[in-house]
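Dear colleague,

Please find below the structure that I am handing over to you. A short account of what was found in it follows.

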Protein chains: 4
Amino acid sequence: MLFEEESIKMEIGFLGLGIMGKAMSINLLRHGFKVTVWNRTLSKCDEIVALGASVGETPAAVVKKCKYTIAMLSDPSAALSVVFDKDGVLEHINGKGYVDMSTVDANTSSKISEAIKAKGGYFLEAPVSGSKKPAEDGQLVILAAGEKALYEEALPAFDVLGKKSFFLGEVGNGAKMKLVVNMIMGSMMNAFSEGITLAERSGLSPGTLLDVLDLAAVSNAMFKMKGPAMLQNSYSPAFPLKHQQKDMRLALALGDENAVSMPVAAAANEAFKKARSLGLGDLDFSAVHETSKPLDHSS
Amino acid sequence: MLFEEESIKMEIGFLGLGIMGKAMSINLLRHGFKVTVWNRTLSKCDEIVALGASVGETPAAVVKKCKYTIAMLSDPSAALSVVFDKDGVLEHINGKGYVDMSTVDANTSSKISEAIKAKGGYFLEAPVSGSKKPAEDGQLVILAAGEKALYEEALPAFDVLGKKSFFLGEVGNGAKMKLVVNMIMGSMMNAFSEGITLAERSGLSPGTLLDVLDLAAVSNAMFKMKGPAMLQNSYSPAFPLKHQQKDMRLALALGDENAVSMPVAAAANEAFKKARSLGLGDLDFSAVHETSKPLDHSS
Amino acid sequence: MLFEEESIKMEIGFLGLGIMGKAMSINLLRHGFKVTVWNRTLSKCDEIVALGASVGETPAAVVKKCKYTIAMLSDPSAALSVVFDKDGVLEHINGKGYVDMSTVDANTSSKISEAIKAKGGYFLEAPVSGSKKPAEDGQLVILAAGEKALYEEALPAFDVLGKKSFFLGEVGNGAKMKLVVNMIMGSMMNAFSEGITLAERSGLSPGTLLDVLDLAAVSNAMFKMKGPAMLQNSYSPAFPLKHQQKDMRLALALGDENAVSMPVAAAANEAFKKARSLGLGDLDFSAVHETSKPLDHSS
Amino acid sequence: MLFEEESIKMEIGFLGLGIMGKAMSINLLRHGFKVTVWNRTLSKCDEIVALGASVGETPAAVVKKCKYTIAMLSDPSAALSVVFDKDGVLEHINGKGYVDMSTVDANTSSKISEAIKAKGGYFLEAPVSGSKKPAEDGQLVILAAGEKALYEEALPAFDVLGKKSFFLGEVGNGAKMKLVVNMIMGSMMNAFSEGITLAERSGLSPGTLLDVLDLAAVSNAMFKMKGPAMLQNSYSPAFPLKHQQKDMRLALALGDENAVSMPVAAAANEAFKKARSLGLGDLDFSAVHETSKPLDHSS
């Protein structure tokens, strides 16, 4: 145990009140945690304060006040900024915990980890699988790695935020696990897309294919959620294709480092790149479906 | 309606009492159907007769007695033999229905279909998705195609044999739908296998990967069933790899006919071929996992 | 030696006076062979007769007159027709040789081989590598297989028709060798095409790439002939893409039979299929280059 | 013209007397250039001095004395060291030219380029295609990029060192061009290897395949040089597989940046990675041939 025992739920800091961070901090409050929040645009804190949160003026102020602080920032540059900028996390991190749940690359995570440890703080990376709805429902999957004692300290909070959390060892393993999962997801999306096109072009009803798949051993939530929209050529971005392709690229690079040959993932990655070359990078990653279609002579 | 109305459940013929056929005919009897069975080795009929079935001496005799006859044979040559041999189905098919639920190629199916129609009979192909356990539990998925009126006639039996049946149009579409589903399944297996190897070689626990996948949107029964055995390098054949590879090849050939480019399925097919070249064709199709592994210096 | 020695060049039959056959029969005449020709449209023989050839009224008549007969037909159905039709090759083949230099599939070749042998004749398949220009220049490459003694008998003619001939063993090996060569050619075309697009999109001059390649160890006649036209998006059909894709498919099928995994050829095949789906099947096989290009926003 | 005219051949500096540098500096001397050499191990200069060269004590001393200086170092760290270390190139580069012919990555090249320009010097990257033999024979292919005036200044030397030099525009283009060429080469090697295995497994003589290929439009020096050794499973390293795979990876990354989909190169890259996983990284890149082979039951 890093910290002394407490009979009441401890004060948790929370940095970043975007779509995810807002839902997560509300969940913590609802389950009786005392939460001190900070957001770059401070007015965004008002709604959370109305639900019982305190506000910190700066990341440093939040860290100083709390046993540990959770961050949920939008991207690597925001994640770096709250740590390294003036009035940032580093200023009061000595003896405190910092749990970064943002999705960042391994380099960013290592940089933050080293700086915090050098200042006498404790670090845990904890990227999540799941987006807005699971965040609101406390159904995220949490892929934590780094300081084991801090993971155990944060478990009561993780139990509220997610349906399951994993401790994966050293810093970097959280990000790697997410890449592996997303790589499998990307290859599966291509398998699905090719099957839909094959059905269509072979005179089968693609809608019936979805029904049959749903009864098969390969039935899964992604096919169910994305399939009907794909049949309508509708690719409203839940997870943008360019981000999926970036994750495929990073997973292939991880394989390259470790001499793992992955021909199916490589073929899927090239299809995503083809989709990017067709200008589809900002659509949902299911838009890779367009690459498997023949020329539409009617368009 | 092909046949006159009946107030009682009609007599159904059933040819082939292998693992699948036995389970299916028992289900029909249990649900009150009158069933007349035939099997090449007639002694195999005894158990079914004890449950209330009649026996026909030949396929022709069964067909003559029943409104329609279901066949569940082991392979194309058995399927052809019961139809075309002496005392075969063709002899009394005029005005009767024949439902072939065996898994055969499109050519075999067409040959049987044409011969039966030429003799004045009605034909339905109805391959199934699912093996022994779903057959026993009446949980098959039935992919029917051919004579629509016969499909409707057979629906009460299909409702007993399967959890769902589909009517897919002209003869051949049942086989094609099965190929599309199996192609998606084969690509998914490769995606899964590559992910497991990448996790292992990157210092992550592959067991934890299975747990994480099971909580993700891509969670599916196949990963759950096959994953733990794959981690043990155990590939006891539920669906032999050489058959999965044959289905990938046929699906790719179907794509070739229709000018559908399927790079991910093609890469997956080459991995299955690699597995065959390593002598793994008779193991379960999950043995393709071996192709993604690096050299084991201990062996 | 199948036949008795002769001090003068023997009489050779020649069936088929299309682009290839005409050039080849003229070469034989120029080198002192006595040639008896036949063509479905007999008037096409006139030009060859003017150069010294005799005419046979039917394939049977040609075969009867000559020690051995060469055929150069346009496709499998023509190749079968001259053999099996009334007044065809089979009628007088007993004790004679038949050299089919047409490009046909292995099945057609086997069918002809068996029929000729059953009638007491000798058979050699001898497909060629090279088209009009090499045919005119006597620079074909001849891939012969079947009756070895007939191969040796035909060598003086092969020496006139080609720069090199190979005897490859049993019937079918000629066709297989051609498939292997065309498969390598198809993968190389894709490698070349991808490189051109990568150069263009990376800000390099694709024309300079051609110059650099021409000085490298990979420099080859195909790149030199096709490259400049590809940079102009010009794909005038020397070897139609749909035929190249068919050869890739057959080579992959040959690999499937023999459990040879060929991931690069499989990826190349899918690119050719993509090109077919874009309506490019009748253009030159270098038109696969279109599949590697990004969306042209100007079109 | 950067420099004033001279009626005699100017003094050229030369840094690095490894296998390549030694051959190149000797060629310059033989063609009448005055050359001042430097090597980290100075004793290596003796042989060149015996042929008429002068020696500089440090890179800075060489640069100070000559109009421009050529470097041919073994790797990026050596290339950086001679420029940035004490007594390095930067100390006297103001107004002088620096031609780096080492094979380095784009980052290293940019770093050197910027430092030299910041000090008032002129920079040209000029990686070469070709190894020891072409270096000795003055038959290199030179891929230059950067300062155009310096390229023109160095042309008389390039004419001696290579059979052809190209000016490719801005710094980085030399390295990119080399990647594109090596990517095509790597895909071709896989196409070749797959063809050899297909021939072998289909009952054809792989030696005859080499002969046939040599007469085809795809005939090239690489197939001729590598083929016979590959049939002997002999992969003595001319260009190590791990370096070829690194170039494939970098070429694919270049494609990723520019949204170029390259499925054939991606499949080839995975085969090279497979070869690395089998422990073949230090052999010649033709050792990728091992990945296309089936299990050898005799071993």
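**Strand E1 and its partners**

In this predicted model, strands E1(A) and E2(A) run parallel and are joined by five bridges. To pass from E1(A) to E2(A), the chain goes through helix H1 (residues 19–30) of chain A, and this β-α-β crossover is right-handed. Within the pairing of these strands, A:Gly13 has A:Thr36 of E2(A) as its bridge partner.

E1(A) also pairs with strand E4 (residues 68–71) of chain A, again in the parallel sense, over four bridges. Here A:Ile12 has its bridge partner in E4(A), namely A:Tyr68.

Please note next how strand E1 (residues 11–15) of chain A is covered: five of its five residues are buried. A:Glu11, A:Gly13 and A:Leu15 point one way from E1(A), whereas A:Ile12 and A:Phe14 point the other way. The residues on both sides are buried.

**A patch on the surface**

Which residues make the nonpolar surface patch of about 190 Å²? They are A:Leu42, A:Val49 and A:Val55. Of these, A:Leu42 lies in the loop between strand E2 (34–38) and helix H2 (46–50) of chain A. Why can A:Leu42 count towards a patch? Its relative accessible area is 32%, so A:Leu42 is partly exposed and passes the requirement of over 30% for residues of a patch.

I would suggest reading the two parts with the structure open beside the text.

Yours sincerely

Conventions:
Residues numbered from 1 in each chain as written. Chains lettered and ligands numbered in written order. Predicted model: local features only at pLDDT ≥ 70, side-chain atom pairs only at ≥ 80, totals over all residues. Heavy atoms only, no water. Patch = residues over 30% accessible without salt bridge, like charges linked within 9 Å, V, L, I, M, F, W, Y side chains within 5 Å. Areas by Shrake-Rupley, 256 points an atom, 1.4 Å probe, with all protein chains shown as cover. Salt bridge = Lys/Arg side-chain N within 4 Å of Asp/Glu carboxyl O. Helix = DSSP H or I, 4+ residues; strand = E, 2+ residues; numbered from the N terminus. Buried < 20%, exposed > 50% of the residue type's maximum accessible area, 1.4 Å probe, protein only. Pairing = 2+ DSSP bridges. Right-handed = clockwise from strand over helix to strand, strands pointing away.
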